[in-house]
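Got your viewer open and your selection tool ready? Here is a short walk through the model, stop by stop.

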Amino acid sequence: MPASPMVLASLLAVLGMLRVFTAPGFTTFTAMVTGLVAQTGAGTVTGMLTGAGLARAWPHDRAHAFFSRTRWNVDSLGIVLAHLIVRTLLPQGVAITVAVDDTLFKRSGKKVFGAAWQHDGAARGPKPVGRGTCFVVVGILVELPFLTRLVCLPVMARLWRPKTGPTKVELAASMVKLLTVCLNRPLHVVADAAYHGRALRHLPEAITLTTRLPAGAVLFDLAPPPTNKRGRPRLKGVRLGTPAELAATTTFTTAQVKRYGRTDQVRIAEVRCLWYGSFHTQTVRVILIRDEDTTTGYDLALVTTDLATPAAALVTRHAWRWSIETTFAEARTLLGVGQACNRSENAVRRTVPFGLYCYSITVVWYALHGHHPSDAADHRARAPWYTTKTDPSFADMLAKLRRVIIAARFLPVTPDQPTAAEIQAVHQAWAQAGLQHTA
């Protein structure tokens with residue numbers, strides 16, 4: 001077995017733009033990325049070592065040490081990855097849209113750093129709780145020319161510990177501020193109803209936030225002008241009420257919105273007001289959406305600090321948020337993110353973000369080096385029941401990268417004919433790489 005990782009040249013070209021390591025650290029980094037992508041078993045640290053073909057060449061402690069002891073910074077790696085995504089996949093000069101959300105990775109064991117019983121949005125049943133580590137994640141939303149849907153590419157992730165340290169909202173605010181400063185671009189943030197509050201008040205002018213408005217939020221009119229009388233000027237106007245009360249007195253207009261892969265005709269109402277309990281004196285827009293078959297009330301309420309973008313476009317922007325949920329599901333099931341069994345603080349804080357970054361790296365590689373117009377047609381030929389499939393999925397991208405890695409790994413270095421054992425090894429690896437792809 002090789003003493004150094006055999007990294008695909010086109011993948012190395014992508015990884016070479018993510019140098020935040022020493023030379024030995026970068027060698028281990030490229031091996032771990034290749035191993036996590038190439039492995040078809042568990043996404044553990046030793047699974048990465050096996051996937052890289054180094055299980056008999058490197059001691060497993062070298063792989064574990066990369067996450068627990070090697071000096072590198074998760075945020076720095078995420079920032080250079082964000083620069084790569086913006087530089088190669090986004091038009092120049094446009095604002096960047098990012099999704100913010102948190103997700104729980106199940107972990108057992110008393111000595112796992114940061115593991116605790118907490119809310120699990122993916123759990124079923126009357127008590128959606130689970131024990132594990134929760135990460136707040138920021139992902140850049142990207143439109144690719146060969147896809148009809150957006151993809152969310154994680155670029156930052158931080159561990160949240162219940163009742164200890166910053167809240168989820170504070171972690172999210174810190175990450176989006178850092179991302180804006182480093183990228184020097186306007187940032188549009190979309191999130192679910194949990195992300196609002198003091199930490200997100202009065203963000204820099206380059207950042208806007210659009211989130212779902214809770215049903216119990218109380219809205220107020222803008223503050224009246226000063227009266228030049230004694231006393232402190234009023235900070236808010238008259239009470240407008242909850243979103244339901246506002247919907248009963250607001251005029252709705254018909255609009256076309258693009259969301260979830262289709263164009264819908266809906267009725268929209270918007271009001272400039274104050275959500276004093278969350279954004280204090282900052283002016284916000286509340287957008288109420290009512291479907292055509294709804295006669296009273298509203299079906300969705302959004303609140304945004306973006307005071308310029310048309311309401312229909314904001315509805316579309318918020319619908320893009322769902323792509324981060326797809327990313328979480330695919331990263332878990334296809335890459336095995338969250339399956340690592342490490343317990344120390346450094347390793348826990350690094351391993352999940354590393355796995356999420358590998359998701360982004362896979363998509364970047366496919367967009368730059370792997371895409372072919374016939375990929376979706378080839379999939380339909382192998383699986384004819386997908387009669388309407390027109391776009392490559394992440395499973396397609398991952399399977400193609402795995403097969404290219406396998407082909408490069410088993411490519412003979414001499415012009416001699418391959419042996420029967422080599423041919424059998426290639427066939428077995430090729431079939432295993434496509435097992436999840438056709439499932």
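Start by selecting Arg19 and Phe26: the charged end of Arg19 sits over the ring of Phe26, 3.8 Å from its centre. Bear in mind as you click around that this is a predicted model. Keep Phe26 on screen and add Phe21, Phe29, Phe66, Phe67, Trp72 and Phe354, since ring pairs link these residues and Phe26 into a cluster.

For another charge over a ring, jump to Lys236 and Tyr276. Here the charged end of Lys236 lies 4.5 Å from the centre of the Tyr276 ring.

Now for ring on ring. The structure holds 14 aromatic pairs. Pick out Phe146 and Tyr366, an edge-to-face pair with 5.4 Å centre to centre and 75 degrees between the planes. What does this pair tie together? Phe146 lies in the loop between strand E3 (129-143) and strand E4 (150-160), while Tyr366 belongs to helix H11 (residues 345-370), so the contact joins parts that are 220 residues apart in sequence. Switch on a surface and check both ends: Phe146 is buried, with a relative accessible area of 13%, and Tyr366 is buried too, at 0%.

Next, select Trp275 and Phe279. Their ring centres are 5.8 Å apart and their planes are at 55 degrees, so this pair counts as tilted. Both Trp275 and Phe279 are buried.

Time for some backbone. Colour strand E9 (residues 253-259) and strand E10 (residues 262-274): the two pair in the antiparallel sense over 7 bridges. If you want one bridge to zoom in on, take Thr253, whose partner in E10 is Ile268. Then slide to the hairpin, which has 2 residues between the strands. Which residue there takes a positive phi? That's Tyr260, with a phi near 55 degrees. Most residues other than glycine have a negative phi, and Tyr260 is not a glycine. Is Tyr260 buried or exposed? Exposed, because its relative accessibility is 52% and the cut-off for exposed is over 50%.

His202 is another stop for your phi list: it has a positive phi of about 50 degrees although it is not a glycine. Find His202 in the loop between strand E5 (187-191) and strand E6 (207-212).

Last stop: Glu170, in helix H6 (residues 168-183). Glu170 counts as partly exposed, at 39% relative accessibility. Draw a distance from Glu170 to Trp365 and you should get 32 Å, C-alpha to C-alpha, for residues that are 195 apart in sequence.

Technical notes: Residues numbered from 1 in each chain as written. Predicted model: local features only at pLDDT ≥ 70, side-chain atom pairs only at ≥ 80, totals over all residues. Heavy atoms only, no water. Pairing = 2+ DSSP bridges. Helix = DSSP H or I, 4+ residues; strand = E, 2+ residues; numbered from the N terminus. Buried < 20%, exposed > 50% of the residue type's maximum accessible area, 1.4 Å probe, protein only. Phe/Tyr/Trp six-rings, centres within 6.5 Å; stacked < 30°, edge-to-face > 60°. Lys NZ or Arg CZ within 6 Å of the ring centre and 35° of its normal.
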